[in-house]
Every structure is written in C-alpha cells, then in structure tokens.
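Student: Could we go through this model together? I would like to see how each label is earned.

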Amino acid sequence: MRAPSFDTIVRGGTVVTAADTYRADIGIRDGRIAAIGCDLPKATETIDASGLLVMPGGIDSHVHIAQPSGDGIVMADDFESGTRSALLGGNTTVMPFCLQEKGVSLREALKGYHALADGNCFTDVSFHMIVSDPTPHVLGQEMPALAEEGYTSIKVFMTYEGLRLRDDEILATLDAAKRARQIVLVHCENEDAIRYLIGRREADGDTAPFHHATSRPIAAEREATHRALSLAEIVDTPIVIVHVSNREAMEEISRARHRGQKIAGETCPQYLVLTAEDLDLEDFEGAKFVCSPPPRDKESQAACWFGLETGIFDLYSSDHCPFRFDDANGKKTEKGRQSFRWIPNGIPGVATRLPILFSEGVRTGRIDINRFVALTSTNHAKLYVLYPQKGTIAVGSDADLTLWDPDLTKIVTNDDLGHGADYTPYEGMQVTGWPLKVLLRGKLAMDRGALVLEKGSGQYLSRKRSNLLGSEPIPGS
Ligand code: URP
Ligand code: ZN
Ligand code: ZN
C-alpha cells in the first residue's frame, strides 16, 4: 500500500493571506505546508475546515511575560500561561521582551529568560531585548555578538524611572543597533513631563487610578515620538514606534515618513476600544485599565482606526502585560492603593487581540480580511524577519494555521482566556469571530478552547537581521 502523501490535510476552508482569499485544501508534511490545491489526495489525518477561514497563525510581536516589574510586583503570566493564552486566542508565535536590569549583562538576562521559557511554551517564541543599561560593553560587544546569534531586535524606553534612557544614550544605542543591524523599538513618552505631572496630581490629592491618564497626556507622547524620530533621523536608522495611542503621535510618524525615514508603527486593541474614562471606575476598578500610554478618547480611537485602515500602522499587537487585580502583588499593591504612581502598568490582551480586530474591524467593514492577516501576522513576520517561515500560507512555510469561525458570536469572559490575570479589561464585550482550531507546525494544538498539545511544544525562534537595515555587512561591524 502506498504511504499517504500528507501527514494532514486541512480540507475545504477559505485560505486567507495578506494578499489573497480563495478556497483550497492545504497539505502538510513534516510540519510544513507541502501543497495548496483542490481535492488534494489522502492524508493520515484530515481536518475539516468547511465554513472556516484558514489564516496564518497570529504573531503577537509585543507581549510581556514574567518580566520583573518592581518591588513586590509579580507579573501574572509565566511562559506557560502567557503562551497558553496566546494559543487560545489564535496565535502561534509571540515575541516577549527580555529585560536587561541595570548592572546586568544582556547575556545574563537572556540566560534567565531562556531558563524560564525553554520547554514551557505552547507557542513559538522569539525575544526582543530591552536595553536599560547601555554601557560600552553592552553596545560594543554584546549587541553585535547577540545579533550574530539571532537576537535582532531591541526596545528602548523614554519613560519609567530605571528603564528610560537619556537622549545621548538613545543615540548611542541606535548607533550600536545600526552597526549590529538590529531593529529598535521605542516607547515614546516624556518621562520628565510625566514625573512633573505626577507630582502635581499628588500635591493636589488626585491619587486615584484615573490620574494615571491625566499625568500622561497626549503631548507627552507626541513630543517623545517626535524626539525618537529625530534621534533616529540623526543616526539615519529605521525604528519601530510601539503602542501609539492617538492622532498627534501618528502625525509625527506620517511627517517623518514624508521626510524619507523608514518607520514601522504599531497600535493595540486598548487604543481602539477603551478610553481614559475606563480608568475612572469606582472602587479602584479603574486600575484594571492602567497601562502606558493610557487609553485616550473617542477621537483618538477613530484616529487609530484610521491608521490601521490607511497604512500608518503596520502592526497591531496586544502589549499584553498582565497583573492580577485582586492581589497585593498586582494592581492592588499597598502603595498603589495610596497613589496611581505605584499601580503596575499594563493590561492582559494576548487572547483577545484577534477577536477584537476581527469583530470591530473586519465585520464592520473598516478593514478587509487580507489587511487583518497583514496586521496580525504577516507584517510582524516580515518586520522581525520570520517571513516566509512564519506569517503566511505558502508551500514551504511552517504549517502554523488558525481556523477561524467568522460567524461565531461570543461574550468575552476571563474564564476562557487562559492567562494568569484574574480579569480581562474586555469582560462582557460581544465579539463575532473566534479561533476554533490552531495548528502549530502542522500539529493540532488547540481545538475549540481545549489544549491539544503539551506545553513545551513551542520552540524558540532565532532570527536573521532586518533587511530594513541593509543587506550588506556593515564595515567594521
Ligand atoms: O503599560 C504598559 N504598556 N506596560 C508594558 C510595558 C510597556 O511599556 O510596553
Ligand atoms: Zn512600552
Ligand atoms: Zn509593552
């Protein structure tokens, strides 16, 4: 008897990529897509996808997992729960941050994160490094060596005491990253302005969670966005402006692009469906929505939708950064109850990212399904150099597939999301469109909310250097 041609065939679905939508079967062999066609012959296993969209697995290139977050604060997700939640939400790859704490080398930091992640993930994983201590050794030795080993992206902060870099440090880091051909992500908020405003609010007795939003105004984000873009222009290197929350920061990106700069822009679900009013809930409930930049207003929401529709944004990520609410090691830290200044920043969202964009974006006609795939998967793979292994449906690509029911209506509830937080900011939201099955490298990993593969099925992905930074070796690097 002849052996079956494929290990698995996903049959009868509507294949969706960033470019095309068509009916086809997908034949999978050894974890990769081996054929796309009509009426493919037999396989060991057949997965019926009729009535479903078959899309590349989601890639969430901005998540925080097990990240040290200050004295007595514990992030709600480890790699097991964070990637479990990602998988339940239709993702097959996530990109968490590896935080370099001051005085620690990047290599030491990476060692710690690998020890936490390796063998514990439900999805594939690749790290960005956060540079908080750009010593000559870090810039001159570690960054180029680590780029060689596949760590090809870093994040720098313009806010948060202990993390923020001064302008001269940002310039030096951008320069070192350019030489090492690493792409730099920038968190743009003006720390000095924010600290001044926090002091003012506290002096006035305005210490409730809502004042997290009033002490981080749009002008602080706009100014820092402009400054980051200017610093990148001075070094002549591309950057990624992450978690953009409003029109004015978007305008800075558009203007810089018109000047000829290469920039990627990212926004997140919280800027599409939440507002600062959510931080104004009674009984400290507003703390559930404390993140930076804060959600803004309806006009900012509309602007961010416009940015997704028109290409100002290339990336739509969750900025998943979960803390438990009813927990003294989470949002209800003793100091946080005294002042918003101490409430840990960040909200969960890796599981709800895709349903929110599908429901509010595709179903409403704001974006088409191909743009949905680009924003949630393909563009992340391209920017961070995982493409075409990841981020598309093509012969030779990893068979990372999300089988999506476009008509399934669900009420978002925390119990379904699999993360370690005890709440979701989207509790009670009605969404239409939900992931039914997910295949990770050809294996059924999630089926109707049930985990099929074991933890540890996710692999670490090292990455090549970004083409945005040129394809030739940089002299002297
Ligand atoms: O509030 C947020 N966004 N926390 C996560 C850290 C960051 O700035 O991305
Ligand atoms: Zn950030
Ligand atoms: Zn973040």
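What follows is a conversation about the terms used for this predicted model.

Student: How do you know that the chain is predicted with confidence?

Tutor: Confidence per residue is scored from 0 to 100. The mean pLDDT of this chain is 97, and 98% of its residues reach 70 or more. There is an exception to keep in mind: over residues 472-477 the pLDDT is below 50, and beyond near neighbours in sequence this stretch has six contacts in the model.

Student: What makes Lys155, His187 and His243 donors of the zinc ion (ligand 2)?

Tutor: A donor is an N, O or S atom within 2.8 Å of a metal such as this one. Here the atoms are NZ of Lys155, ND1 of His187 and NE2 of His243, at 2.1 to 2.2 Å, so they meet the cut-off. Along the chain, these donors have the spacing K-x31-H-x55-H. Do remember that water is not among the atoms, so the site may look incomplete.

Student: Why can Lys155 and His243 be said to tie parts of the chain together?

Tutor: Lys155 belongs to strand S10 (residues 153-157), while His243 is in the loop between strand S12 (239-241) and helix H8 (247-258), so the pair links parts that are 88 residues apart in sequence.

Student: Why are Lys155 and His243 called buried?

Tutor: The word applies under 20% relative accessible area. Lys155 has 1% and His243 has 2%, so both qualify as buried.

Student: And what is the distance between the zinc ion (ligand 2) and the zinc ion (ligand 3)?

Tutor: The two ions are 3.8 Å apart.

Student: Let's turn to Thr333. Is Thr333 buried or exposed?

Tutor: Thr333 has a relative accessible area of 9%; the limit is 20%, so Thr333 is buried. Thr333 sits in the loop between strand S14 (315-316) and helix H11 (334-338). Leaving aside residues up to four places away in sequence, Thr333 touches Ile73, Asp327, Ala328, Trp342 and Pro344.

Student: What makes the largest cavity a cavity and not a pocket?

Tutor: A 1.4 Å probe fits in a cavity but cannot get out, whereas a pocket is open. The structure holds one cavity of 30 Å³ or more, and the volume of the largest is about 50 Å³.

Student: Which element gives the largest share of the lining of that cavity?

Tutor: H13 does, with four residues. Strand S5 (53-56), helix H13 (369-383) and strand S15 (401-411) each supply at least two. The lining residues, including Met55, Phe372 and Trp404, divide into six nonpolar, five polar and no charged.

Note on methods: Residues are numbered from 1 along each chain as its sequence is written. Chains are lettered from A and ligands numbered from 1 in the order in which they are written. This is a predicted model: local features need pLDDT of at least 70, side-chain atom pairs count only at pLDDT 80 or more; totals for chains, interfaces and linings use all residues. Side-chain values use heavy atoms; hydrogens and water are left out. Donors are N, O and S atoms within 2.8 Å of the metal (3.2 Å for Na, K and Ca); water is not among the atoms, so sites may look incomplete. Buried means under 20% relative accessible area, exposed over 50%, partly exposed in between (1.4 Å probe, protein chains only). On a 1 Å grid over the protein atoms alone, a cavity is a set of points where a 1.4 Å probe fits but cannot get out, and a pocket is an open set with protein on both sides within 12 Å along at least five of seven lines; lining residues have an atom within 4 Å of a point. Grid points are joined across faces, edges and corners, and a volume is the space filled by probe spheres set on the points. Ala, Val, Leu, Ile, Met, Phe, Trp, Tyr, Cys and Pro count as nonpolar, Asp, Glu, Lys and Arg as charged, and the others, Gly among them, as polar. Contact means heavy atoms within 4.5 Å. pLDDT is the predictor's confidence in each residue, from 0 to 100.
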